[in-house]
Amino acid sequence: MNARVFPWGEPEAAPLRTLRSDVRTYLKEQIQRGRFRPSVDGWSTGWDEDFSKDLASRGWVGMTIPTEFGGHGKSFAERFVVTEELLASGAPVAAHWVADRQMAPSLLRYGSDGQKRRFLPEIARGESHFAIGMSEPDSGSDLASVRTKATQTKSGWKVSGSKVWTSGAHKSTWVCVLARTAPVDPHDRHAGLSQFIVNLASAGVEIRPIISMSGHHHFNEVFFDDVVVPDELVLGQIGEGWRQVTSELGFERSGPERYLSTYLILAEVIRQVRAGALPHTTAVGQWIARLAGLRKMAFSVATAIDRGESVNSAAAIVKSLGTKTEGEIVEFADRFHDQAGQELAVLRQYVETGLLQRPSFTLRGGTNEILRGVIAREIGLRG
């Protein structure tokens, strides 16, 4: 897979160019050896624990985790480069994705020293698998309406409630749960929320699969029935869950996975246009330009994170525009779906997968309708 189908614009610094070349060479070799088959939306559905461990052994998982906690002490810009190449190749990276993308930064910012030393080295080795428990039935992206409760006891906390659309929970070891630890304050619905790291093997946890229309099992509904969580697995401060979650969502929403989930589809269209199997169309150039713009926006968020800046609204913009774009790329390519020719077999396979996955693009990580409200409020406050 050649990630340079698109001209990304500004030249990269030499260290980033070298890193990109190394990752690209490795991925090309893995594909040629049949180690994995490129897939659309592989970052969310392609679960391969051995592949994640191999990436980790090369220093490409846990890149931004400090060396004192078993990581590599790299920048978010360097991680961004590796992420782009993995997505461009359609690599199966779901096993480590949530742990590396969300939990590692959250643990570094809010975790206790014990939590950091317990979880971060495992994440950096590609051995720790996390799910995120935010959304609930009938709540959607309105996290202030969370009904899962955590009640303090002599031995810690008891968590009861349910979460839905919990990606990879059936294969994960841990889930980070947002729960209500105080009654709803009518003047501040975001108050009284806290985060807990819950062992999915605990008594009282039940995981029910949500089977997609493609027949794949990726999402889950997770039930908690008085699940005991020790005090040492409270993430951050009790009552600070909303502030912690919103900062965590900045990492979830701003990465290149928010516009490159269907990269393989457009890249395959371009290859077939060049080969003469598909007609030339100016729309290809429009999609290239849009992706180049989104890429620049996302990279600016990564460098802002390196500078310690808040990226909440910028990440929401990337997520909203990016997921809309990757869905529209599927629709664009679908016009070629019925054209004859064995040379288009790969494109047809990619499009079929993209069409099945498309409904989730604008939902996961916060629905785009909710995000537009977040963006409007942020802009209004700044204005």
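Let me begin with how this chain is tied together: of the contacts in the protein chain with a separation of 6 or more, 75% are between residues 24 or more positions apart, a contact meaning heavy atoms within 4.5 Å. What you have in front of you is a predicted model, in which local features need pLDDT of at least 70 and side-chain atom pairs count only at pLDDT 80 or more, while totals for chains, interfaces and linings use all residues. Residues are numbered from 1 along each chain as its sequence is written, and side-chain values use heavy atoms, with hydrogens and water left out.

Now the overall picture. The secondary structure of the protein chain comes to 12 helices and eight strands, these being DSSP runs numbered from the N terminus, with helices as H or I of at least four residues and strands as E of at least two. The radius of gyration of the protein chain is 21 Å, which agrees with the value near 21 Å that a compact globule of 383 residues would have; the radius is taken over C-alpha atoms, and the globule rule is 2.2 Å times the number of residues to the power 0.38. Along the principal axes, the C-alpha trace spans about 70 × 45 × 40 Å.

Of the 383 residues, 54% are buried, where buried means under 20% relative accessible area, exposed over 50%, and partly exposed in between, with a 1.4 Å probe and protein chains only. The protein chain exposes about 16500 Å², of which carbon and sulfur atoms supply 51%, the areas coming from the Shrake-Rupley method with a 1.4 Å probe. As for charge, the mean positions of the 45 positive and 44 negative charges are 3 Å apart; Lys and Arg count as positive and Asp and Glu as negative, with His and the chain ends not counted, and each charge is placed at NZ of Lys, CZ of Arg, CG of Asp or CD of Glu.

Let me turn to helix H3. Which residues of H3, residues 49–57, are buried? They are Phe 51, Ser 52, Leu 55 and Ala 56, and they cover an arc of only 140° around the axis, which puts them on the same side of H3; the arc is that of the directions from the helix axis to the C-beta atoms. It may help to recall that an α-helix has 3.6 residues a turn, so residues three or four places apart point the same way. The exposed residues Asp 50 and Ser 57 sit on the face of H3 turned away from its buried side, whereas the buried residues pack against helix H1 (14–32), helix H4 (76–88), helix H5 (94–110) and helix H6 (113–124).

Within H3, Ala 56 has a relative accessibility of 7% and therefore counts as buried. Its C-alpha atom is separated by 5.2 Å from that of Arg 125, 69 residues apart along the chain, and, leaving aside neighbours within four places in sequence, Ala 56 is in contact with Val 61, His 72, Ala 124, Arg 125 and Gly 126.

Helix H4 holds Arg 79, which is buried, with a relative accessible area of 14%. Not counting residues up to four places away in sequence, Arg 79 touches Met 63, Thr 64, Asp 100 and Arg 101. Ala 302, in helix H9 (residues 282–306), is in contact with Phe 76 and Phe 80, again leaving aside neighbours within four places, and at 8% relative accessibility Ala 302 counts as buried.

Two loop residues come next. Leu 233, in the loop between S7 and strand S8 (234–235), is buried at 6% relative accessible area, and the residues Leu 233 touches, beyond those up to four places away in sequence, include Gln 115, Phe 119, Trp 174 and Phe 196. Ser 172 lies in the loop between S3 and S4 and is buried at 10%; under that sequence limit of four places, Ser 172 touches Trp 47, His 129, Phe 130, Ala 131 and Leu 200.

Finally, the backbone. Most residues other than glycine have a negative phi. Trp 165, however, has a positive phi near 60°, and is found in the loop between strand S3 (156–163) and strand S4 (174–180). Asp 226 has a positive phi near 50°; this residue is in strand S7 (residues 217–229) and is partly exposed, with a relative accessible area of 41%.
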